[in-house]
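Q: Hi! Could you walk me through this model?

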Amino acid sequence: MSKIPFVNSNCIWCWACVAISPDVFDLNDEWMSIVKELANYDWLSVDDSIWACPVDAISWKEYFAWKRANNPDFAWDKKVA
Ligand code: SF4
């Protein structure tokens, strides 16, 4: 796995990505869309969500950059399964 969907802080909680890709995106209590941690992502579905997002909050990120963004304690030298 090399790339993972990522949602930045521009998210306005519009639900579009969740409606398009419910297996990938969910909404949290902090008014943000979050990406579920999956072994694989449906690229076409995620690309549709990227296209539909009204504030360009979704992008593909390299796996290690994604882990770091979602877990500040993540160590770059740690092996990830
Ligand atoms: S489509 Fe964009 S703005 Fe709407 S919930 Fe998803 S990430 Fe947030």
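Here is a short chat about the fold, the core, the ligand and a few single residues.

Q: What kind of model is it, and how are residues numbered?
A: It is a predicted model, where local features need pLDDT of at least 70, side-chain atom pairs count only at pLDDT 80 or more, and totals for chains, interfaces and linings use all residues. Residues are numbered from 1 along each chain as its sequence is written.

Q: Cool. How many helices and strands are there in the protein chain?
A: The protein chain has three helices and four strands, in the order β-α-β-β-α-β-α from the N terminus. Helices (H or I, at least four residues) and strands (E, at least two) are DSSP runs, numbered from the N terminus.

Q: And what share of the residues is buried?
A: Of the 81 residues in the protein chain, 21% are buried. Buried means that 20 or more other C-beta atoms lie within 10 Å of the residue's own; exposed means 12 or fewer, partly exposed is in between, and C-beta atoms are placed from the backbone.

Q: Which residues form the largest nonpolar core?
A: That core has 12 residues: Ile4, Val7, Cys11, Ala16, Cys17, Val24, Phe25, Val35, Val46, Cys53, Ala57 and Ile58. β1 and α1 (16-20) each supply at least two residues of this core. A nonpolar core here is a set of buried Ala, Val, Leu, Ile, Met, Phe, Trp, Tyr and Cys residues joined through C-beta atoms within 7 Å.

Q: Take Ile58, then. What is it in contact with, leaving aside neighbours within four places in sequence?
A: Ile58 is in contact with Pro5, Val7, Cys17, Ser49, Ile50 and Cys53. Contact means C-beta atoms, placed from the backbone, within 7 Å.

Q: Switching to the ligand: which residues are closest?
A: Cys11, Cys14, Ala16, Cys17 and Cys53 are the closest of the 15 residues that surround the ligand, counting a residue as near if its C-beta atom, placed from the backbone, lies within 6 Å.

Q: Any odd backbone angles? Where is Trp31 found?
A: Trp31 is in the loop between β2 (25-27) and β3 (33-35), and has a positive phi of about 60° although it is not a glycine. Most residues other than glycine have a negative phi. Asp56, in the loop between α2 (43-52) and β4 (58-62), also has a positive phi, near 50°.

Q: Why does Asp56 count as exposed?
A: Because Asp56 has 10 other C-beta atoms within 10 Å. Trp31 is exposed too, with 9.

Notes. Two residues are in contact if their C-beta atoms, placed from the backbone, lie within 7 Å.
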